[in-house]
Amino acid sequence: MTSAGRTAAAAAAAIASFAVAAALATAAGCGAPADEEKAAASVARAFHAAVDHRQGTAACDLLAPQTRRALERVSQLPCAKAVLAGKLAAAGDVRTVRLAGDQAQVALARDTVFLAVSAKSWKIVAAGCRPRGGQQPYVCLIAES
């Protein structure tokens, strides 16, 4: 399996655990404050705006440390170049935000971004994510390993 394949598999496992946590939180009737939803959505939008405007350093500042390291390792480029070299589509508007503890899923018109709280702020752990259908986890262009 290639390193990109391993990264995608690891992201899929992380995302599958997010889906379980989200389902449990929903079933339990737990909800996060609206300000946390707004904060997570804001980071997802800022990340895509940075990529759209070719501001690689700003985009990388929004990645979780382990995601940044994985991107650099897989691409063999510095993060600021690697994040712009990918095939991330323009994301579009935020459609939904789901929170489960310190994790978030922000569904945009043309992307799904997964985030986690890191050092008291939302950081992206996976972006460029698309569902595979059924019970299969998402496949992501950028993800932690």
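**Disulfide bonds in the predicted model**

A search of the whole structure, which is a predicted model, finds two disulfides. When the bonded cysteines of the protein chain are numbered in sequence order, the pairing reads 1-2, 3-4.

One disulfide is formed by cysteine 60 and cysteine 79, with the sulfur atoms 2.0 Å apart. This pair links distant parts of the chain, 19 residues apart. Cysteine 60 lies in helix α3, which covers residues 56-61, and cysteine 79 lies in helix α5, which covers residues 79-85. The torsion about the S-S bond of cysteine 60 and cysteine 79 is about -100 degrees, and the disulfide is therefore left-handed. Both cysteine 60 and cysteine 79 are buried.

Cysteine 129 and cysteine 140 also form a disulfide, and here the sulfur atoms are 2.1 Å apart. Distant parts of the chain are again linked, with cysteine 129 in strand β4 (residues 121-130) and cysteine 140 in strand β5 (residues 139-143). The two cysteines are 11 residues apart. The link of cysteine 129 and cysteine 140 is right-handed, with 110 degrees about the S-S bond. Cysteine 129 has a relative accessibility of 1% and so counts as buried. Cysteine 140 counts as buried because its relative accessibility is 9%, the cut-off for buried being under 20%.

In summary, the pair of cysteine 60 and cysteine 79 joins helix α3 to helix α5 through a left-handed disulfide, whereas the pair of cysteine 129 and cysteine 140 joins strand β4 to strand β5 through a right-handed link.

Technical notes. Residues numbered from 1 in each chain as written. Predicted model: local features only at pLDDT ≥ 70, side-chain atom pairs only at ≥ 80, totals over all residues. Heavy atoms only, no water. Disulfide = S-S within 2.5 Å. Helix = DSSP H or I, 4+ residues; strand = E, 2+ residues; numbered from the N terminus. Buried < 20%, exposed > 50% of the residue type's maximum accessible area, 1.4 Å probe, protein only.
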